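Student: I should like a close look at a single part of this protein. Please choose one helix, describe its surroundings, and explain the terms as you go.

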Amino acid sequence: MATVALAGSTGLVGSHILDTLSKYAGVQEIYAFARKDLPEHTKLKPLISSDSASWAAKYPNGAPLFISALGTTRANAGGFENQRKIDYDLNLALAKAAKDAGAKAYVLVSSSGANSASMSGYMKMKGELEDAVKALDFDHTVIMRPGLIVGDRNEMRSAEFVMRKTAGFLGSISGGKLKDFWAQDADVIAKAAVKAGLDCLDGKITDKVTMVYQADVIRLGKTEWRA
């Protein structure tokens with residue numbers, strides 16, 4: 001029975017990860033970081049603080065798997081520098097805390113196109129985070145790079161909204177074949193993250209660093225998924 005720590009538990013993918021972990025028989029305890037109250041569950045041990053800078057100090061001992069789906073938007077953060085404080089600084093601080101607490105496996109939900117040499121500030125930041133967490137030398141580091149994330153967000157992103165609706169329509173008329181290779185459902189990404197992390201703990205994934213691309217997301221979170 002695994003104990004898992006989770007960051008980003010109220011976001012689109014993170015909320016599905018929390019739900020997946022809550023229902024998964026092989027998970028005993030879930031420590032979830034959040035700024036606001038989370039739905040009650042017998043497995044859940046919420047780590048609630050509106051001051052996210054305090055989260056790293058709260059990382060629990062005895063959680064061998066840490067999953068992060070933590071991220072925000074430039075608009076919600078109030079600018080790119082504030083976004084970086086969450087997407088890079090906080091993520092890295094939590095990853096370091098997990099390493100110091102003895103976590104064996106780390107799963108990061110990153111972004112397709114992440115590259116520390118990118119000309120895009122966002123993709124560069126994501127790539128820099130990937131490089132930084134790899135350097136922490138967990139026994140197993142899983143970097144997930146899904147495509148367009150399909151699901152209902154709390155905030156409106158007009159261009160992305162159109163793309164998500166297009167992806168949903170193409171998926172509905174093709175049994176998923178016209179969608180899965182470029183857009184993945186948030187719950188499928190969540191299941192892939194959980195499976196990859198637990199497979200690391202179970203010895204089914206032995207590599208130090210595992211890159212999970214879009215086809216791998218579908219394989220882990222849909223084709224091979226067993227609740």
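Tutor: What follows is an account of helix H6, its partner and the core to which it contributes.

The model is predicted: local features need pLDDT of at least 70, side-chain atom pairs count only at pLDDT 80 or more, and totals for chains, interfaces and linings use all residues. Residues are numbered from 1 along each chain as its sequence is written, and side-chain values use heavy atoms, with hydrogens and water left out.

The protein chain contains 7 helices and 9 strands; helices (H or I, at least four residues) and strands (E, at least two) are DSSP runs, numbered from the N terminus. Of its 227 residues, 49% are buried, where buried means under 20% relative accessible area, exposed over 50%, and partly exposed in between (1.4 Å probe, protein chains only). Among contacts between residues at least 6 apart in sequence, 68% join residues at least 24 apart, contact meaning heavy atoms within 4.5 Å.

Helix H6 covers residues 186-201. Its 16 residues should span 22 Å at 1.5 Å a residue, and its end C-alpha atoms lie 23 Å apart, which agrees; the expected span is 1.5 Å times one less than the number of residues. H6 is mostly covered, with 13 of its 16 residues buried. The helix is followed by Gly-203, which has a positive phi, near 80 degrees.

The partner of H6 is helix H7, residues 214-223; the two pack at an angle of about 85 degrees, with axes 7 Å apart. That makes H6 roughly perpendicular to H7. Here axes are lines fitted to C-alpha atoms, for helices over the stretch in contact, and angles run from 0 to 180 degrees between N-to-C directions. Angles under 35 degrees count as roughly parallel, over 145 as roughly antiparallel, 65 to 115 as roughly perpendicular and the rest as oblique. On the H6 side, the residues that meet H7 include Val-188, Ile-189, Ala-192 and Lys-195, while those of H7 include Val-217, Ile-218 and Leu-220. By class, this contact has 7 nonpolar, 1 polar and 4 charged residues; Ala, Val, Leu, Ile, Met, Phe, Trp, Tyr, Cys and Pro count as nonpolar, Asp, Glu, Lys and Arg as charged, and the others, Gly among them, as polar.

H6 also belongs to a wider assembly. A nonpolar core is a set of buried Ala, Val, Leu, Ile, Met, Phe, Trp, Tyr and Cys residues joined through side-chain atoms within 4.5 Å. The largest has 39 residues, and those with the most contacts inside it are Val-13, Ile-17, Leu-21, Ile-67 and Met-144. Elements giving two or more residues to this core include strand E1 (2-7), helix H1 (12-23), H6 and H7. H6 gives the most, with 10 residues. Apart from this core lies another, of 28 residues, among them Trp-55 and Val-133.

Helix H1 can be set beside H6. Not counting residues up to four places away in sequence, Val-13 touches Ala-186, Ile-189 and Ala-190, among others. The buried residues of H1 include Val-13, Ile-17, Leu-21 and Ser-22. Ser-22 is buried, with a relative accessible area of 11%, and, leaving aside its neighbours within four places in sequence, is in contact with Ile-30, His-41 and Lys-43.
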